[in-house]
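Trainee: Could you take me closely through one part of this model, the sheets and the elements around them, and then show me how that compares with the way helices meet elsewhere in the chain?

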Amino acid sequence: MTDSHAPDTPDYRSSAVRAIRIEREAIEALEGRINGDFTRACDVIMACKGRVVVTGMGKSGHIGNKIAATLASTGTPAFFVHPGEASHGDMGMITPQDVVVAISNSGSTSEVVTILPLIKRMGAPLISMTGNPNSVLAQEAVANLDVSVALEACPLGLAPTSSTTATLVMGDALAVALLEARGFSAEDFAFSHPGGSLGRRLLLRVSDIMHTGDQIPKVLENTTLSGALLEISRKGLGMTTIVDAQGHLTGIFTDGDLRRTLDKSVDVHTTPIRDVMTRHGKTIQADHLAAEALNIMEEMKINALPVTDDDGNLVGAINMHDLLRAGVI
């Protein structure tokens, strides 16, 4: 039997666009709520000697899990505790040195409200994220982050949609504010993400993958261009470095330099490399991140870099293929 109320052809696009518009408006409304309560929440977490314990029920719990994970990966130790489980033993995971972030759109979720007296008695500061600043949860908190929404994207107004999105974004705003306040760096971030390509990009240093010793393409300044080309061919890095008698780097000669040189019709057998090399080219030091070498190469549109020490001595060489093999790209 056909439902006479169902449309003949569902307008999927209009429904989707409407949901996106409503959720975008919910996010935009958050800007005006970055206020004294938000600052107080940050101050409380920055002063925390323990960890941030995030709790929430249902969809709020799923969002809370993500917020806890984001905090933990950006310099604020955090974990999630299910409020129902907290009433059956998991309260032991929370200490007076911790800060509790409780999430409830209504601010009166029974499982969360049940553990409020225990949190208060313990003395752990409570931060709430609610859609009702007059709720019991908001009133008991040292700071309430207002995540109320005018309208859920769900046309029935029942499924948490805009409200969970607003809560997620407020959690991200909190994590980013704390990250910047701590001076959290890309290297710090890498230690929380040691696996996969992200860890390789952020933990690997130039010294881990550079060519050293006899592997470095290197000629003296008075070497002929033909001799330099032989060195490029032998070492296979698409370039050679040029050094003076003391081993200081004075220049570099690449495939690109060769093309430009041949346009000038020079004699490869008599021209010294110092006359056609690139002086004062880009270099990098061995203790720098490999990702920084990649950034330099991409920005300068080059494929190789000499590696020098503090005194300008040549200690290594690295090219784009090395970065590719190491998984940095």
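Mentor: Let us begin at one pair of residues, bearing in mind that this is a predicted model: Ile-252 stands opposite Thr-278 in S9. That pair belongs to the neighbouring strands S8, residues 249-254, and S9, which run antiparallel and are joined by 2 bridges. Both strands are part of an open sheet of 4 strands, ordered S6-S7-S8-S9, in which the pairing is mixed. At its edges are S6 (218-220) and S9, each of which pairs on one side only.

Two helices pack on this sheet, and they can be taken in turn. Helix H11, residues 225-235, touches S6, S7 (239-243) and S8, and its direction makes about 125° with that of S7. Helix H12, residues 255-262, touches S8 and S9, with a direction that makes about 75° with that of S8.

Following the chain onward from S9 (278-279), we come to the loop that leads to S10, and His-280 has its place there. His-280 deserves a pause, since its phi is positive, about 55°, although it is not a glycine. Most residues other than glycine have a negative phi. With a relative accessible area of 78%, His-280 is exposed.

The loop brings us to another open sheet, this one of 3 strands in the order S10-S11-S12, again with mixed pairing. S10 (284-285) and S12 (314-319) stand at the edges with a single partner strand each, so one side of each has no neighbour in the sheet. S10 pairs with S11, residues 304-308, in the parallel sense over 2 bridges, and within this part of the sheet Gln-285 stands opposite Thr-308 in S11.

Helix H13, residues 290-300, lies across S10, S11 and S12 and runs at about 130° to S11. The buried residues of H13 are Ala-290, Ala-291, Ala-293, Leu-294, Ile-296 and Met-297. Just after H13 comes Lys-301, with a positive phi of about 55°, and this residue lies in the loop between H13 and S11. Lys-301 counts as exposed, at 74% relative accessibility.

For the helices elsewhere in the chain, H7 (residues 162-182) is a useful centre, and H3 (residues 59-73) is one of its partners: the axes of H3 and H7 come within 10 Å and cross at roughly 15°. The two are therefore roughly parallel to each other, and their crossing is right-handed. On the H3 side the contact is made by Lys-59, Ile-63, Lys-66, Ile-67, Thr-70 and Leu-71, which meet a set of H7 residues that includes Thr-164, Leu-168, Gly-171, Asp-172 and Leu-178. By class, the residues of this contact of H3 with H7 divide into 6 nonpolar, 4 polar and 3 charged.

Helix H1, residues 12-28, also meets H7, and here the axes come within 9 Å and cross at roughly 40°. H1 and H7 are therefore oblique to each other, and the crossing of H1 and H7 is right-handed. Ile-22, Glu-23, Ala-26 and Ile-27 in H1 meet Ser-162, Thr-165 and Val-169 in H7, a contact with 4 nonpolar, 2 polar and 1 charged residues.

Conventions. Residues are numbered from 1 along each chain as its sequence is written. This is a predicted model: local features need pLDDT of at least 70, side-chain atom pairs count only at pLDDT 80 or more; totals for chains, interfaces and linings use all residues. Side-chain values use heavy atoms; hydrogens and water are left out. Axes are lines fitted to C-alpha atoms, for helices over the stretch in contact, and angles run from 0 to 180 degrees between N-to-C directions. Angles under 35 degrees count as roughly parallel, over 145 as roughly antiparallel, 65 to 115 as roughly perpendicular and the rest as oblique. A crossing is left-handed if the near helix is turned anticlockwise from the far one by less than a right angle, and right-handed if clockwise. Contact means heavy atoms within 4.5 Å. Ala, Val, Leu, Ile, Met, Phe, Trp, Tyr, Cys and Pro count as nonpolar, Asp, Glu, Lys and Arg as charged, and the others, Gly among them, as polar. Two strands pair if DSSP finds at least two bridges between them. Buried means under 20% relative accessible area, exposed over 50%, partly exposed in between (1.4 Å probe, protein chains only).
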